[in-house]
Amino acid sequence: MKKSIVITGGAGFIGSHVVRLFVNKYPEYNIINLDKLTYAGNLSNLKDVENKPNYKFVKLDICDFDAFYELMQKEKVTGIIHLAAESHVDRSIKDPFTFARTNVLGTLSLLQAAKLYWESLPEKYEGKRFYHISTDEVYGALEMTRPEGVEPPFSTTASSSEHHLAYGEEFFYETTKYNPHSPYSASKAGSDHFVRAFHDTYGMPTIVTNCSNNYGPYQFPEKLIPLFINNIRNKKPLPVYGKGENVRDWLFVEDHARAIDLIFHKGKIAETYNIGGFNEWKNIDLIKVVIKTTDKLLGRAENEDMNLITYVTDRLGHDARYAIDSTKLQKELGWEPSLQFEEGIEKTIRWYLDNQEWLDNITSGEYEKYYESMYKNR
Ligand code: NAD
Ligand code: TYD
């Protein structure tokens, strides 16, 4: 049977990389990009694949059960890779209901429609797959137990043998108990539980993956890295929350997309896989690298824009440290990140500087007003 795969949230940051990878790599599949096109969805992220014969875009809200059920029937959908979500922690603090609606109810709506459609077929769940993309934030926050004064070098290699470069002894494992703190992570945790419940209750072939912070081209510039690149370019303040000491574990988005491809095809049903590159950075150190590299690429004097760093009121409930252990994925499926961080961050900054029109289109109008009000309220 021809594979007909719905990728939800395909017009967003990670989703657009997954759509591009699947459309180019699998001309024999029917790839359907399903997206509501919220502020975060942008079809210009997919200009290079929009005319491919195996690609189709459908504008749809994942909460619209009837429309999705109809689409499942019409397209004879065999697989779902679910990325559509409200994804920004700061927005979830201001407006938690939207997060519960899209992330929890939207996911449940997809699950229920897939269940009804697949169970109506003679072969039922055979050859089907519901793959849910989640985040490491559902595990909560880790402590920073690294001795003071010991900093990781600029370049970290992405391998599990590099644990000593971490900011603490604990990691998030697939077995770590859920302990979400923000409305965003609570809503993602809720959706993860529903996905697993559909396997355990109805036998739906599900997979869940939990990934660390992604960076790379096409990320909406409300998230740390693209926001700061854009602000440096425009000589605007760089709002560092608290003391800038929170730690995040960064993965290049194309490496996440490759992991999703591998897991969709080779992952074991009902399993959870953690995805991350063993690449922890204190925010302030990462920010300094971004400033240095952006200044270099813009031909500005070294460190010219360090004075844009502006310490602002901390995010409410700001998680101290995230750190993913992805040994299971590396050992069982042979996945490795392909890029060293210094390569990935330079490639990313170069992309934003080469695509200023993309940035300007996105940051004009409504978003500009929203950002100014968020910043003023701090
Ligand atoms: P994003 O905000 O860039 O994109 C989300 C996409 O979902 C947008 O295209 C938006 O239009 C669409 N969408 C939102 N609500 C919708 C609805 N009701 N119906 C249909 N489409 C809707 O997000 P992202 O950063 O690409 O994240 C994608 C997924 O990966 C999310 O599920 C997120 O939780 C997860 N994730 C993200 C990261 C990260 O660092 N960005 C890390 C781990 C996991
Ligand atoms: P973000 O990109 O929002 O991702 P997440 O909250 O999902 O980890 O933020 C990454 C880190 O950067 C996080 O610790 C919050 C911090 N941050 C700032 O200091 N200033 C900012 O303007 C933003 C958006 C984030």
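I looked up Lys-328 first in this predicted model. Lys-328 lies over the face of Tyr-273, and I noted 4.8 Å to the ring centre.

I then turned to Arg-321. Its charged end sits over the ring of Phe-171, at 5.4 Å from the centre of that ring.

Next came ring against ring. I searched the whole structure and got 20 aromatic pairs. One of them joins Phe-65 and Tyr-69, and this pair is stacked. The centres are 6.2 Å apart, with 5° between the planes. The pair counts as stacked because planes under 30 degrees apart are classed that way.

I checked where this pair sits. Both Phe-65 and Tyr-69 belong to helix α2, which covers residues 65-75. They are 4 residues apart, about one turn of the helix.

Are these two rings' residues buried or exposed? I found Phe-65 partly exposed, with a relative accessible area of 27%. Tyr-69 is also partly exposed, at 23%. Neither is called buried, because that label needs a value under 20%.

I also followed the ring pairs into a cluster. It links Phe-22, Tyr-26, Tyr-29 and Phe-264.

Last, I looked up His-193. Helix α5, residues 183-202, holds His-193. The relative accessible area of His-193 is 45%, so I entered this residue as partly exposed.

How far is His-193 from His-256, C-alpha to C-alpha? I noted a separation of 22 Å. Along the chain, His-193 and His-256 are 63 residues apart.

Notes: Residues numbered from 1 in each chain as written. Chains lettered and ligands numbered in written order. Predicted model: local features only at pLDDT ≥ 70, side-chain atom pairs only at ≥ 80, totals over all residues. Heavy atoms only, no water. Helix = DSSP H or I, 4+ residues; strand = E, 2+ residues; numbered from the N terminus. Buried < 20%, exposed > 50% of the residue type's maximum accessible area, 1.4 Å probe, protein only. Phe/Tyr/Trp six-rings, centres within 6.5 Å; stacked < 30°, edge-to-face > 60°. Lys NZ or Arg CZ within 6 Å of the ring centre and 35° of its normal.
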